[in-house]
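Open the model in your viewer and keep the selection panel at hand. We will go stop by stop.

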Amino acid sequence: MISRNILIATIFFLAQLSYNNCFAVEPNEILENKKQEARARNISKNIRCLVCQNQSIDESSAPLAKDLRNLIREKIKDGDDDKEIYLFLTDRYGDFILLNPPFKLSTFALWFLPFIFFITGVLIIFMHKKKSKWIKKN
Amino acid sequence: MKNQLIKIPTILFLSILLVLFYLLVIDRDPSKLPSNLLNKNAPEFVADSLLDNEKFLSKKELNNNITIVNFFATWCAPCREEHVYIKRFSSEKKIKVIGINYKDNPEKAIIWLKKLGNPYSNIAIDKKGKIAIDWGVYGIPETFLINSSGIIKYRHAGQITKKIYKKFNLLIKEIN
């Protein structure tokens, strides 16, 4: 039984590894300059594939994802910095194209709600403990 | 008292779960998001023209008139489906319609238009899909409504159906 569990865990672990390593960049897309290629990969990982939506363009083989990957590489070759490339994409496709939502007034709840929930939870526990102590004492 | 202390967080938790489940289940199609270019100037471009020997200049084409810009290709089945409405814009409503032929074979496109009828006053060739990216296109067909000052007033991603055709006509009346 234990060995079976270990086997299952190993399979899951390996599946996870292979998932992290998968990308759709084709050999002819790769830039010769390794530093530039690394920058392109890094940006691509943060850009949503608009056709498949829950994949980055780095992982997607959709034609639009490929076009966007090529566009990012062309812009890097032209000397654009990362900020300019992100701006170019969000100007056209909106913040939806970013897999990491930016910190803005409209995304305030998204970023802070978890902390608010956490603090509320801690307060509830704290008050509960205090009350039960008080009940025990009296 | 103790009962209530368990009840409140449970109810809270379940209601959050319900909200999240609702958000998961409802149809939230991102192609229905308004274009980020809404109320901005239509991106400018120069391209080869499918019908003309002269270059297609967007600055010249998207000026002084309410214009419909339609991204299409012969390999795209919904484009064929919506073609009857694109034709109605130009023939019945007398609206200027510009086509952008997306990643297509120009010869096939010319044959396709001869067969189905050509509603476009001019057609730009977007061989590599770069114009489409500049316009924030998700996938074709996609149709933009441009006012007489060259500003994008509406974008529809996907096929133009009877309902969308009516919506376009209402919007045209509004901006006219």
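The tour visits the interface of chain A and chain B, then the disulfides.

This is a predicted model: local features need pLDDT of at least 70, side-chain atom pairs count only at pLDDT 80 or more, and totals for chains, interfaces and linings use all residues. Residues are numbered from 1 along each chain as its sequence is written, chains are lettered from A and ligands numbered from 1 in the order in which they are written, and side-chain values use heavy atoms, with hydrogens and water left out.

**Stop 1: the interface**

Select the residues of chain A and chain B that are in contact (heavy atoms within 4.5 Å). You should pick up 19 residues from chain A and 18 residues from chain B. Together the two chains bury about 1700 Å², with 63% of it on carbon and sulfur atoms. Buried area here is the accessible area (1.4 Å probe) that two parts lose on being put together, summed over both. Now pick A:Asp67, A:Arg92 and A:Tyr93. These lose the most area to chain B on the chain A side, together 32% of what that side buries.

**Stop 2: a charged pair**

Stay on A:Arg92 and add B:Asp134. Their side chains meet in a salt bridge, 2.7 Å from N to O. The term asks for a side-chain nitrogen of Lys or Arg within 4 Å of a carboxyl oxygen of Asp or Glu. Between chain A and chain B the count is three salt bridges.

**Stop 3: the helices behind the contact**

Color chain A by helix (DSSP runs of H or I, at least four residues, numbered from the N terminus). Which elements give two or more residues to the side of chain A that touches chain B? They are helix 3 (63-77), helix 4 (82-93) and helix 5 (108-137) of chain A. Helix 3 of chain A gives the most, with six residues.

**Stop 4: the disulfides**

Select the cysteines. The whole structure holds two disulfides over all chains (cysteine sulfur atoms within 2.5 Å).

In chain A, A:Cys49 is joined to A:Cys52, S to S 2.4 Å. This link is right-handed, with 80° about the S-S bond. A:Cys49 is buried at 0% relative accessible area, whereas A:Cys52 is partly exposed at 31%. Buried means under 20%, exposed over 50%, partly exposed in between (1.4 Å probe, protein chains only).

Move to chain B. B:Cys76 is joined to B:Cys79, S to S 2.1 Å. The torsion about this S-S bond is about 90°, so the disulfide is right-handed. B:Cys76 is buried at 4%, and B:Cys79 is buried at 2%.
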